[in-house]
Amino acid sequence: MDSSTRRAAYRVLRADPVMAGLIAAAGRYQIEPLPDRPPFESLARAIAHQQLHRAAAESILARLIAACGNGAFPTPQQLLADGDAQLRATGFSHAKIAALQDLAAKTISGVVPTPSELDALSDLQIIERLTEVRGIGRWTVEMLLMFQLQRPDVLPVDDFGVRNGFRLAYRLRGMPRPRALAQFGERWQPHRSLAAWYLWRANDL
């Protein structure tokens, strides 16, 4: 996010008094973008991390790279060629192997866009295409949009941290429903990614 875009975003968010107070308490937006990886690798890594501690997932990925990619992250073709037994030996569950193979097949067929194709697609188009992959849900794609592609207007309304941060910041008795949060968040367009970051911070304050 460049400085002029950031200034415009803060003007929009500070029009909401509660968000203005949250910005004052949390300070300036600070986050390192994720490495620039092709969608296949990013989503394969996301599948590996599902329901696992970070260290365990990274260990499995390291074995995958060593066994299937000759020291580099395997291509979709390499992953499909290795078969279930070799992928199982690296530590992936049967469900994750099925998801990885579906991801590889849909990358080869063109359902999963190439890096150059991503720029021409809207957030919704990317979500619709990537959630066709087995094991990839909307939240996973939203995280890719926000932190790798740095799309500015993503509000992950199903994320527990975002919902709970909204509850805390706006002093609600109960958790907001995703649809209600999405409607409320329209006031933050086109800077909802920044708003989401501050709602996450509300959990820490």
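**Exercise 1. Is W188 buried or exposed, and which ring pairs with W188?**

Step 1: W188 has 0% relative accessibility, so it counts as buried; the cut-offs are under 20% relative accessible area for buried, over 50% for exposed, and partly exposed in between, using a 1.4 Å probe and protein chains only.

Step 2: A quick word on what you're looking at. This is a predicted model, where local features need pLDDT of at least 70 and side-chain atom pairs count only at pLDDT 80 or more, while totals for chains, interfaces and linings use all residues. Residues are numbered from 1 along each chain as its sequence is written, and side-chain values use heavy atoms, with hydrogens and water left out.

Step 3: Now the rings. The structure holds nine aromatic pairs. One of them joins F184 and W188, edge-to-face, at 5.6 Å centre to centre and 70 degrees between the planes. For a pair, ring centres of Phe, Tyr or Trp (its six-membered ring) lie within 6.5 Å; planes under 30 degrees apart are stacked, over 60 edge-to-face, and the rest tilted.

**Exercise 2. Find the aromatic cluster that includes W197, then look for charges over its rings.**

Step 1: The cluster consists of Y10, Y29, W197 and Y198.

Step 2: Check Y10, and you'll find R28 over its face, 4.5 Å from the ring centre.

Step 3: Move to W197, where the charged end of R201 sits over the ring, 4.7 Å from its centre. To qualify, NZ of Lys or CZ of Arg must be within 6 Å of the ring centre and within 35 degrees of the ring normal.

**Exercise 3. How do α3 and α6 run relative to each other, and which residues meet?**

Step 1: Locate helix α3 at residues 39-49 and helix α6 at residues 94-109. Helices here are DSSP runs (H or I, at least four residues), numbered from the N terminus.

Step 2: Their axes come within 10 Å and cross at roughly 170 degrees. The axes are lines fitted to C-alpha atoms over the stretch in contact, with angles from 0 to 180 degrees between N-to-C directions.

Step 3: The two helices are therefore roughly antiparallel, a label for angles over 145 degrees.

Step 4: On the α3 side, pick out F40, L43, A44, I47, A48 and H49; they meet K96, A99, L100, L103, A104 and T107 of α6. Contact means heavy atoms within 4.5 Å.

Step 5: Sort those residues and you get nine nonpolar, two polar and one charged. (Nonpolar is Ala, Val, Leu, Ile, Met, Phe, Trp, Tyr, Cys and Pro; charged is Asp, Glu, Lys and Arg; the others, Gly among them, are polar.)

Step 6: Look at the rest of α3: nine of its eleven residues are buried. The cover over those buried residues includes α4, α5, α6, α7, α8 and α9.

**Exercise 4. Track down unusual backbone spots in the loops.**

Step 1: Start with the peptide bond from Q189 to P190, which is cis, with omega near -5 degrees. P190 belongs to the loop between α11 (178-185) and α12 (192-202).

Step 2: Next, N70 isn't a glycine, yet its phi is positive, about 55 degrees. N70 lies in the loop between α4 and α5 and is exposed, with a relative accessible area of 68%.

Step 3: R171 also has a positive phi, near 55 degrees. Its loop runs between α10 and α11, and R171 is exposed at 77% relative accessible area.

Methods
Parallel < 35°, antiparallel > 145°, perpendicular 65-115°, else oblique.
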